[in-house]
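Please open the model in your viewer and keep the sequence panel at hand. The tour moves from one selection to the next and says what is found at each stop.

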Amino acid sequence: MLLHIVARGRIGRGPEAELVERYVKRLSWPYKLTELPDTGGKMPAVEPGCRIVMLDETGQVLPSRDFAATLEKWRDAGVREARFLIGAADGFDDAQRSAADLLLSFGRATWPHLLARAMLAEQLWRATSILANHPYHREG
């Protein structure tokens, strides 16, 4: 299953970009990163067999094992792509939220977009590591 991060805003070069790169390089699953401008730009077409996950402060706060279980369920059901959307500064509207398969939150705090991207990359790496029975993951 392809893990596809679609994010508004350009990450450029800097510590946040280095963190994202550090974690996506560790992924054993295929991945893709797509950057869109803050406004406009064309969202990649959604093909059949795609699940949409929006990072949103109103979403579910999932422990890492539950997040991994969600990815595992989708993978085992034949889902071809899990697409993770990181919105612009104002986030997503209600219509966009209602079209998502999952609203995911990293807590009720507001996170800068670049840091949210790094946190998502880390959680994707952690989830795939859990599913591979990697000994690194520690329960809280």
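Helices and strands are named here as DSSP runs, a strand being a run of E with at least two residues, and both are numbered from the N terminus. Please bear in mind throughout that this is a predicted model.

**First stop: the second largest pocket**

Begin by selecting strand β1, residues 2–8, together with strand β4, residues 81–86, since these are the elements that give two or more residues to the lining of the second largest pocket. Which element gives the most to this lining? It is β1, with three residues. To find the middle of the pocket, select Arg 8, Gly 87, Ala 88, Phe 92 and Gln 96, which lie nearest its centre among the 15 lining residues. The space enclosed here comes to about 170 Å³, and the lining, sorted by class, consists of nine nonpolar, three polar and three charged residues.

**Second stop: Glu 81**

Stay with strand β4 and select Glu 81, which lies in it. Is this residue buried or exposed? With a relative accessible area of 10%, Glu 81 is buried. Show its side chain as sticks, and two polar contacts can be traced from it: one of 2.9 Å to the side chain of His 4, and another of 2.7 Å to the side chain of Arg 83. If you then display the surroundings, leaving out residues up to four places away in sequence, Glu 81 touches Met 1, Leu 2, His 4, Gly 49, Cys 50 and Arg 51.

**Third stop: Arg 117**

Now move along the chain to helix α4, residues 113–131, and select Arg 117 within it. Arg 117 is buried, its relative accessible area being 4%. When neighbours within four places in sequence are set aside, its contacts are Ile 5, Ala 7, Arg 8, Gly 9, Ile 11, Val 20, Glu 35 and Ile 86; Arg 8, one of these contacts, has already been visited as one of the residues nearest the centre of the second largest pocket. Look next at the polar atoms of the Arg 117 side chain, one of which lies 2.9 Å from the backbone oxygen of Gly 9. For a sense of scale, a line drawn from the C-alpha of Arg 117 to that of Ser 28 spans 18 Å, the two residues being 89 apart in sequence.

**Fourth stop: the salt bridges**

Side chains of opposite charge can pair when their charged atoms come close. How many salt bridges does the structure hold? There are seven, and the tour visits some of them in turn.

Keep Arg 117 selected and add Glu 35, with which it forms a salt bridge whose closest N and O atoms are 2.7 Å apart. Because Glu 35 lies in strand β2, residues 31–36, and Arg 117 in helix α4, the pair ties together parts that are 82 residues apart in sequence. Glu 35 is partly exposed, at 28% relative accessibility, whereas Arg 117 is buried.

Select Arg 75 and Asp 76 next, whose side chains meet in a salt bridge of 3.0 Å from N to O. Here Asp 76 is exposed, with a relative accessible area of 55%, while Arg 75 counts as partly exposed at 32%.

Then select Asp 56, Asp 94 and Arg 97, which salt bridges with shared partners join into one network. Within this network, the side chains of Asp 56 and Arg 97 meet at 2.9 Å, N to O. Asp 56 belongs to strand β3 and Arg 97 to helix α3, residues 94–99, so this pair ties together parts that are 41 residues apart in sequence. Asp 56 is buried at 7% relative accessibility, and Arg 97 is partly exposed at 22%.

**Last stop: the largest pocket**

Asp 56 leads on to the final selection. The largest pocket holds about 420 Å³ of space, and of the 20 residues that line it, Leu 55, Asp 56, Glu 57, Trp 111 and His 113 are the closest to its centre. Colour strand β3, residues 50–60, and helix α4, each of which supplies at least two residues of the lining; β3 gives the most, with three. Coloured by class, the lining shows 10 nonpolar, six polar and four charged residues.

Notes
Residues numbered from 1 in each chain as written. Predicted model: local features only at pLDDT ≥ 70, side-chain atom pairs only at ≥ 80, totals over all residues. Heavy atoms only, no water. Helix = DSSP H or I, 4+ residues; strand = E, 2+ residues; numbered from the N terminus. Buried < 20%, exposed > 50% of the residue type's maximum accessible area, 1.4 Å probe, protein only. Contact = heavy atoms within 4.5 Å. Polar contact = N/O pair within 3.5 Å; in protein donor to acceptor, adjacent residues only side chain to side chain. 1 Å grid on protein atoms, 1.4 Å probe; cavity = no way out; pocket = protein on both sides within 12 Å on 5 of 7 lines; lining within 4 Å. Points joined across faces, edges and corners; volume = space filled by probe spheres on them. Nonpolar A, V, L, I, M, F, W, Y, C, P; charged D, E, K, R; others polar. Salt bridge = Lys/Arg side-chain N within 4 Å of Asp/Glu carboxyl O.
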